[in-house]
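User: Please take a close look at one part: the ligand and its surroundings. Carry on into the helices that line up with that topic.

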Amino acid sequence: MGNLVLIGPMGAGKSTLARTLGGISGHRVRDMDLEIESAAAMSIGAIFERFGEAHFRAQEHALLEALLRDDGQIIASGGGVVLSARNREELKLRAFVVWLDASVDLLHSRLAGDATRPLLQGPALRSRLLELAAQRDPLYAQSADLRFPVNEEAPALQAARLAAQL
Ligand code: S3P
């Protein structure tokens with residue numbers, strides 16, 4: 001089957017959808033943020049704070065490369081995985097990539113009050129989300145084999161809808 005990689009902004013539901021799809025299909029699920037946290041034995045927030053974003057991105061790149069050496073996995077990436085041209089190249093070569101495309105309104109409603117994402121701390125969440133979308137949507141679009149609009153539907157329904165399209 002190759003690998004299925006879910007990309008898209010923070011709060012789009014990549015981890016939940018990966019788990020739900022994995023439950024339906026039996027494929028192995030890999031959650032990149034969780035794996036980075038468990039390898040470092042600290043939260044993403046603590047990694048950013050102690051070592052900086054560049055260090056996190058290096059870990060993220062190394063993990064993506066390692067994961068894509070295997071096959072048959074459903075991989076939930078972090079929202080910034082497409083920032084790296086090397087990551088985009090790897091994704092093109094070794095995965096079927098699905099972009100979970102969510103409106104800024106939906107992301108805002110899900111992420112208000114979130115304390116776990118270092119790039120979203122501070123005031124003005126909505127304008128931050130708009131800024132990230134303007135920067136990253138073109139990268140998601142160029143990396144994706146399939147654009148999958150997401151809304152408020154329940155994870156099981158969403159997973160069935162995606163499975164039907166795959
Ligand atoms: C990031 C997204 C996060 C996490 C880190 C950076 C980003 O993952 O990798 O906080 O740059 O968009 P989620 O998309 O799973 O929240």
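Analyst: The side chain of arginine 57 places an N or O atom 2.7 Å from an oxygen atom of the ligand. That is a polar contact (a pair of N or O atoms within 3.5 Å). The model is predicted: local features need pLDDT of at least 70, side-chain atom pairs count only at pLDDT 80 or more, and totals for chains, interfaces and linings use all residues. Residues are numbered from 1 along each chain as its sequence is written, and side-chain values use heavy atoms, without hydrogens or water.

For aspartate 33, the distance from a side-chain N or O atom to a ligand oxygen is 2.6 Å. Arginine 136 also has a polar side-chain atom 2.6 Å from a ligand oxygen. The protein covers 95% of the 390 Å² of accessible area (Shrake-Rupley method, 1.4 Å probe) that the ligand has on its own. In total, 13 residues surround the ligand (a heavy atom within 4 Å). Lys14 and Arg117 are among the closest.

Arginine 136 sits in α7, a helix (a DSSP run of H or I, at least four residues, numbered from the N terminus). A kink of about 40° lies at arginine 136, shortly before proline 138. The bend is the angle between axes fitted to the seven residues ending there and the seven starting there.

Arg136 is buried (under 20% relative accessible area, 1.4 Å probe, protein chains only). Other buried residues of α7 include Leu132, Ala133 and Leu139. The buried residues of α7 pack (heavy atoms within 4.5 Å) against β1, α4, α5, β4 and α6.

Lys14 belongs to α1, where Lys14 is buried.

Technical notes
Helix = DSSP H or I, 4+ residues; strand = E, 2+ residues; numbered from the N terminus. Buried < 20%, exposed > 50% of the residue type's maximum accessible area, 1.4 Å probe, protein only. Polar contact = N/O pair within 3.5 Å; in protein donor to acceptor, adjacent residues only side chain to side chain.
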